[in-house]
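The following paragraphs lead the reader through the structure displayed here. They begin with the arrangement of domains and end with individual residues.

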Amino acid sequence: MTHKQTYNIAVLAGDGIGKEVVPAGLAAIEAATKGTGISITLTDLPWGCDYYLSHGRMMDEDGFERAAAFDAIYLGAIGSPKVPDHIAVWDLLLPLRQRFQQYVNLRPMRLLPGLTSPLAHRTSADIDMVCVRENSEGEYSGLGGRIHVGTPYEVAEQTGLFTRHGIERIVRYAFELATKRPRRMLASATKSNALRHAMVLWDEVADGVAKDYPSVEYRKYHVDAIAARMVTNPASLDVIVCSNLFGDVLTDIGSAISGSLGIAPGANINPERTFPSMFEPIHGSAPDIAGKGIANPIGAIWAAAQMMDHLGHRDIHDRILAAVERVVAGGQIRTPDLGGTSKTADVAAAVVSEI
Ligand code: NAI
Ligand code: MG
């Protein structure tokens with residue numbers, strides 16, 4: 001792939017601490033691309049819950065068409081105590097992931113050198129996993145409905161939708177990734193004992209794809225068992241492939257054992273590059289700490305690095321991540337979630353100065 005050097009990036013800072021951590025990621029990109037000839041044009045998309053409160057919708061009517069024109073989307077977080085979560089999530093976040101066929105959700109979980117895991121005495125050698133989460137169907141397909149609303153007879157049905165095509169492409173992506181990592185291990189999170197239709201199909205398709213990758217050590221774990229294993233023996237895990245809901249839960253565990261929910265990034269990837277991909281920290285808008293300037297921006301900065309990697313600049317990704325690692329390892333500059341007293345802006349400035 002040849003790389004053009006000018007990029008149009010949509011910035012969707014969103015709500016709560018999304019607005020606070022996104023500037024940190026943008027500052028890191030600016031510092032890391034300085035003098036490289038790469039030029040980035042940023043366009044703010046003012047969508048989110050504030051937009052909803054004044055316009056009655058989460059995004060512009062022609063929002064998808066507008067967003068489709070960008071090379072990538074850099075996202076903070078969506079959600080506010082003033083707007084029901086199912087509206088915030090379903091009228092903006094999940095439709096972007098689905099419409100743009102960002103069916104891969106790639107989430108590294110790594111204990112950065114110098115940080116102490118809540119799992120005491122582990123080091124950066126023990127926690128280095130990456131989750132490949134199915135991002136377009138499964139438990140978050142949106143299918144279902146409610147009848148007899150508000151009556152004692154009310155019923156809700158929530159349908160998980162799993163397709164052979166959807167499972168096969170995500171499992172294949174995960175195997176490809178596993179072949180590129182030193183340990184070449186792939187764990188598939190399943191629950192075929194209890195979810196006897198969808199997860200049995202998941203296992204059949206995964207077992208079939210595994211035959212194409214004899215060099216990868218492939219294992220299946222039930223999702224509850226793998227959740228426990230992430231805590232008791234994280235060193236035994238490398239790449240994890242899983243469904244939409246399982247991945248949502250497992251990556252909160254992975255980020256938490258790496259120090260905090262504020263650390264892990266998530267790339268919503270459309271591998272065919274038919275649509276823009278979207279890059280965000282895995283955390284939400286954190287209303288409990290929003291407005292205090294103390295949100296940990298590492299997840300947002302790491303997501304910015306993932307975006308540059310996706311655009312073809314692995315070197316810029318590495319430069320940003322190395323700077324984050326040096327700041328973390330220095331031990332002086334940490335936000336309160338990591339036991340420090342630094343502000344979001346202090347971490348951002350330290351990373352920029354390391355770059
Ligand atoms: P959350 O991730 O916003 O917060 C969970 C806990 O982690 C809170 O105690 C928060 O203070 C802490 N935390 C999160 N990020 C942090 C950071 N960068 N630095 C320091 N501490 C951090 O999840 P919660 O509370 O379940 O959801 C809050 C809102 O965010 C809801 O409206 C939810 O729907 C939305 N949400 C949006 C997401 C997105 O836009 N991708 C993802 C998850 C939740
Ligand atoms: Mg989540």
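Two residues are said to be in contact when heavy atoms of theirs lie within 4.5 Å. The model discussed here is a predicted one, and its domain assignment gives two parts: domain 1, made up of residues 1-102 + 269-355, and domain 2, covering 117-258. Between the C-alpha centres of domain 1 and domain 2 the distance is 24 Å.

How many residues of domain 1 are in contact with domain 2? On the side of domain 1 there are 9 such residues, and they meet 11 residues of domain 2. Together the two domains bury about 800 Å² between them, and 50% of this area is on carbon and sulfur atoms. Within domain 1, the residues that lose the most area to domain 2 are Arg-97, Gln-98 and Ile-282, which together account for 48% of what that side buries.

The polar side of this interface may be considered next. Between domain 1 and domain 2 the count of salt bridges is 0, whereas 3 residue pairs are found in polar contact across the interface, with both residues at pLDDT 80 or more. Helix H4 (residues 85-99) supplies the largest share of the side of domain 1 that touches domain 2, namely 4 residues. By residue class, that side of domain 1 divides into 5 nonpolar, 3 polar and 1 charged.

Thr-251 offers a view from the sequence range of domain 2, 117-258. Thr-251 is found in helix H8, which spans residues 244-257. Is Thr-251 buried or exposed? Because its relative accessibility is 0%, Thr-251 counts as buried; the cut-off for that class is under 20%. Apart from its neighbours within four places in sequence, Thr-251 is in contact with Arg-107, Met-109, Cys-131 and Ile-282. Ile-282 has already appeared above, as one of the residues of domain 1 that lose the most area to domain 2.

A second residue to examine is Ala-24, located in helix H1 (residues 18-33). Its relative accessibility is 2%, and therefore Ala-24 also counts as buried. Which residues does Ala-24 touch, when those up to four places away in sequence are not counted? They are Pro-297, Ile-301 and Ala-348. The assignment of domain 1 to 1-102 + 269-355 joins two stretches of the chain, and the contacts of Ala-24 with Pro-297, Ile-301 and Ala-348 can be viewed in that setting. Arg-164, by contrast, is 140 residues from Ala-24 along the chain, and the C-alpha atoms of Ala-24 and Arg-164 are separated by 40 Å.

Conventions: Residues numbered from 1 in each chain as written. Chains lettered and ligands numbered in written order. Predicted model: local features only at pLDDT ≥ 70, side-chain atom pairs only at ≥ 80, totals over all residues. Heavy atoms only, no water. Helix = DSSP H or I, 4+ residues; strand = E, 2+ residues; numbered from the N terminus. Buried < 20%, exposed > 50% of the residue type's maximum accessible area, 1.4 Å probe, protein only. Domains from an automatic or database assignment. Buried area = accessible area lost by both parts, 1.4 Å probe. Salt bridge = Lys/Arg side-chain N within 4 Å of Asp/Glu carboxyl O. Polar contact = N/O pair within 3.5 Å; in protein donor to acceptor, adjacent residues only side chain to side chain. Nonpolar A, V, L, I, M, F, W, Y, C, P; charged D, E, K, R; others polar.
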